[in-house]
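User: I would like to understand how the labels used for a protein model are reached. Could you take me through the reasoning step by step?

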Amino acid sequence: MNPPTSSSSRQAQEQSIADTVEREQLKLGNFIRRRVRDPTDADDILQDVFQEFIEACRLPAPIEQASAWLFRVARNRIIDRFRKKKEASLDDIDEADDDDAYRLDLMLPSGDAGPEAAYARTMLLQELQSALEALPASQREVFIAHELEGVSFKDMAAQSGVAINTLLARKRYAVLSLRRRLQDFYND
């Protein structure tokens with residue numbers, strides 16, 4: 001291969017990467033910001049995703065569906081970020097809560113931040129537990145396994161024999177139901 005062809009091929013690849021970044025930046029940024037409250041964290045995730053995209057584009061194996069690839073990587077980065085925060089926040093949970101079947105990695109008010117924060121924390125946990133108990137068993141099990149215990153849909157499907165799409169649908173209905181039920185609590 002002669003150098004001009006290699007150079008023009010590299011330039012075409014760089015232009016393709018730049019076009020994809022420009023085309024997907026707004027949609028991907030909005031996707032991330034809807035899921036990550038801290039704007040700095042959202043921007044960091046966006047930059048990490050594009051950096052990984054650039055590196056992956058330079059590998060011999062091509063990325064066939066760039067948009068889908070970007071959103072999948074962004075979702076994984078968001079999950080990783082929440083897992084890191086979850087590990088840090090678990091240290092703040094009282095020992096008495098260890099037996100709580102519905103532990104959630106939300107940013108709960110600290111129990112030692114005063115009586116109002118302790119009350120808000122208790123009320124939120126009670127409302128959440130009540131909302132989870134109101135779900136149909138199949139939806140509750142999928143939601144708890146995925147969101148609280150960190151079990152992947154692939155692992156759940158392998159263990160239960162239920163199709164991944166069915167598990168995804170159950171979780172979706174659980175999330176919609178929980179949102180409706182907890183909306184008034186969050187508005188207060």
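Analyst: Let us begin with a pair of charged residues in this predicted model: the side chains of glutamate 24 and lysine 27 come together in a salt bridge, with 3.6 Å from N to O.

User: What makes the contact between glutamate 24 and lysine 27 a salt bridge?

Analyst: The label requires a side-chain nitrogen of Lys or Arg within 4 Å of a carboxyl oxygen of Asp or Glu, and the N to O value for glutamate 24 and lysine 27 is 3.6 Å, so the pair counts as a salt bridge. Both residues lie in helix α1 (residues 3–35), three residues apart, which is about one turn of the helix.

User: Why is glutamate 24 called buried, and why is lysine 27 called partly exposed?

Analyst: Buried means under 20% relative accessible area, and partly exposed lies between that and the 50% above which a residue is exposed. Glutamate 24 has a relative accessible area of 3%, so the residue is buried, whereas lysine 27 has 46% and is therefore partly exposed.

User: Which residue forms a salt bridge with aspartate 43?

Analyst: The partner is arginine 33, and the closest N and O atoms are 3.7 Å apart. This pair links distant parts of the chain, since aspartate 43 belongs to helix α2 (residues 39–57) and arginine 33 to helix α1, 10 residues apart. Arginine 33 has a relative accessibility of 38%, so this residue counts as partly exposed.

User: What makes the pair of phenylalanine 31 and phenylalanine 71 edge-to-face?

Analyst: Two rings pair if their centres lie within 6.5 Å, and planes over 60 degrees apart count as edge-to-face. The centres of phenylalanine 31 and phenylalanine 71 are 5.1 Å apart and their planes stand at 75°, so both conditions are met and the pair is edge-to-face. Phenylalanine 31 is in helix α1 and phenylalanine 71 in helix α3 (residues 66–90), 40 residues apart.

User: How do you know that phenylalanine 31 is buried, and what is the label for phenylalanine 71?

Analyst: Phenylalanine 31 has a relative accessible area of 12%, which is under 20%, so the residue is buried. Phenylalanine 71 has 21%, which does not fall under that cut-off, and the residue is therefore partly exposed.

User: Why is the pair of phenylalanine 53 and tryptophan 69 called tilted?

Analyst: The planes are 50° apart, and an angle that is neither under 30 degrees nor over 60 counts as tilted. The centres are 5.7 Å apart, and both phenylalanine 53 and tryptophan 69 are buried.

Conventions: Residues are numbered from 1 along each chain as its sequence is written. This is a predicted model: local features need pLDDT of at least 70, side-chain atom pairs count only at pLDDT 80 or more; totals for chains, interfaces and linings use all residues. Side-chain values use heavy atoms; hydrogens and water are left out. Buried means under 20% relative accessible area, exposed over 50%, partly exposed in between (1.4 Å probe, protein chains only). Helices (H or I, at least four residues) and strands (E, at least two) are DSSP runs, numbered from the N terminus. Rings of Phe, Tyr and Trp (its six-membered ring) pair if their centres lie within 6.5 Å; planes under 30 degrees apart count as stacked, over 60 as edge-to-face and the rest as tilted.
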